[in-house]
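Colleague: I would like a close look at one part of this protein, the set of paired strands, and I would like to see how that part sits within the whole chain. Could you take me through it step by step, with the residues named?

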Amino acid sequence: MDNLIAGYQRFRETTWPERRRLFETLAERGQSPRAAVLACIDSRVDPAMIFDAGPGEILTIRNVANLAPTYAPDGASHGTSAALEFAVCGLEVSELIVLGHGQCGGIRALLDDAPQTLGAFIGPWIRQADRARRRALECAPAERQLEAEYEAIRLSLDNLMTFPWVAERVAAGTLTLHGAHFAVHTGVLAVLGADGRFTPAVA
Ligand SMILES: [Zn+2]
């Protein structure tokens with residue numbers, strides 16, 4: 001914890017004075033981010049850092065392997081669905097981005113067919129993305145990890161459309177869905193095009 005407190009001290013001494021007015025305004029007026037990002041919990045992939053976004057700019061939802069579940073209003077606890085509901089219905093964000101990344105451990109476990117050995121929660125969670133595993137197995141071994149990461153993003157986007165309040169807003173043109181992938185080793189952000197392919201966001 002000591003290194004975290006030291007980091008907080010640096011924040012308090014440098015960032016806080018610079019951003020104080022912004023924080024005060026956000027506290028007074030509340031948040032109104034225009035975008036929500038569904039990202040992996042991986043500590044190497046920080047959406048705010050990647051998109052150079054400040055306080056109040058993006059709402060971030062994180063889970064293992066950046067997976068959107070399907071719509072399942074069954075009375076059980078669904079953390080990601082609750083966060084999506086708040087972002088879409090509460091904050092009315094106009095953009096929803098699924099951000100995958102390279103070397104994703106959750107995707108690797110899925111490819112290794114390891115979900116059954118991953119414990120009570122990770123296994124069933126990762127198994128949702130079995131479509132990505134099947135798709136990746138059609139590729140050459142060297143391409144499987146990346147292809148599974150890509151397909152998990154496409155799957156999440158498909159699953160998001162099973163939420164009626166997402167589909168309604170997309171149809172009305174008030175919400176746009178996007179897929180993106182961040183390569184940890186090169187820093188390249190690739191975005192999903194209408195043709196289903198990922199290409200670098202910046203030339
Ligand atoms: Zn990951």
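Modeller: What follows begins with the whole chain and then moves along the paired strands, with a few residues and one helix taken up afterwards.

Please keep in mind throughout that this is a predicted model. The protein has eight helices and six strands, and from the N terminus on these elements run in the order α-β-α-β-α-β-α-α-α-α-α-β-β-β. The radius of gyration is 18 Å, close to the 17 Å that the globule rule gives for 203 residues, so the protein is as compact as a globular protein of that length. Along its principal axes the C-alpha trace spans about 55 × 40 × 40 Å, and buried residues make up 30% of the 203 residues. Of the contacts with a separation of 6 or more, 60% are between residues that lie 24 or more positions apart.

The domain assignment divides the protein into domain 1 (1-30) and domain 2 (32-200). The centres of domain 1 and domain 2, taken over C-alpha atoms, are separated by 29 Å, and the contact between them involves five residues of domain 1 and four residues of domain 2. On the side of domain 1 that touches domain 2, the residues fall by class into three nonpolar, one polar and one charged.

Turning to the strands, a good place to start is β3, which covers residues 95-101. Six of the seven residues of β3 are buried, so this strand is largely enclosed by the rest of the structure. Strand β1 (residues 35-40) pairs with β3 in the parallel sense over five bridges, and within that pairing Leu38 has Val98 of β3 as its bridge partner. Strand β3 is also joined to β4, again in parallel, by seven bridges. Two positions help to fix the register of β3 against β4: Leu99 stands opposite Ala180 in β4, while the bridge partner of Gly100 in β4 is His181.

From β4 the pairing can be followed onward, and here the sense is antiparallel: strand β4 (residues 176-182) is joined to β5 by three bridges. His181, the residue of β4 that is the bridge partner of Gly100, has Ala190 as its bridge partner in β5. The connection between β4 and β5 is a hairpin with six residues between the strands, and in its turn Gly187 has a positive phi of about 75 degrees.

Strand β5 (residues 189-192) has two faces that can be told apart, a covered one with Ala190 and Leu192 and an uncovered one with Leu189 and Val191. Ala190, on the covered face, is the residue that bridges to His181, whereas Val191, on the uncovered face, has Thr199 as its bridge partner in β6. Three bridges join β5 to strand β6 (residues 198-200), and these strands run antiparallel. They too form a hairpin, with five residues between β5 and β6, and Gly196 in the turn has a positive phi of about 85 degrees.

Strand β2 (residues 58-63) deserves a separate word, and Leu59 is one of its residues. Is Leu59 buried or exposed? With 23 other C-beta atoms within 10 Å, Leu59 is buried, because 20 or more such atoms are enough for that class. Leaving aside residues up to four places away in sequence, Leu59 touches Pro33, Ala36, Ala87, Leu91 and Val93. Leu91, one of these, is 32 residues from Leu59 in sequence, and their C-alpha atoms are 9.4 Å apart in space.

Arg108, which is found in helix α4 (residues 105-111), makes a useful contrast in setting. Arg108 has 16 other C-beta atoms within 10 Å and is therefore partly exposed. Pro33, which Leu59 touches, is 75 residues from Arg108 in sequence and 32 Å from it in space, C-alpha to C-alpha.

Finally, helix α7 (residues 144-160) can be checked for its length: at 1.5 Å a residue, its 17 residues should span 24 Å, and its end C-alpha atoms are 24 Å apart, which agrees. The buried residues of α7 include Leu146, Tyr150, Ile153, Leu155 and Leu160, and among them are also Glu149, Glu151 and Asn159.

Methods: Residues are numbered from 1 along each chain as its sequence is written. This is a predicted model: local features need pLDDT of at least 70, side-chain atom pairs count only at pLDDT 80 or more; totals for chains, interfaces and linings use all residues. A residue is buried if 20 or more other C-beta atoms lie within 10 Å of its own, exposed if 12 or fewer, and partly exposed in between; C-beta atoms are placed from the backbone. Helices (H or I, at least four residues) and strands (E, at least two) are DSSP runs, numbered from the N terminus. Two strands pair if DSSP finds at least two bridges between them. The expected span of a helix is 1.5 Å times one less than its number of residues. The radius of gyration is taken over C-alpha atoms; the globule rule is 2.2 Å times the number of residues to the power 0.38. Two residues are in contact if their C-beta atoms, placed from the backbone, lie within 7 Å. Domain bounds come from an automatic or database domain assignment. Ala, Val, Leu, Ile, Met, Phe, Trp, Tyr, Cys and Pro count as nonpolar, Asp, Glu, Lys and Arg as charged, and the others, Gly among them, as polar.
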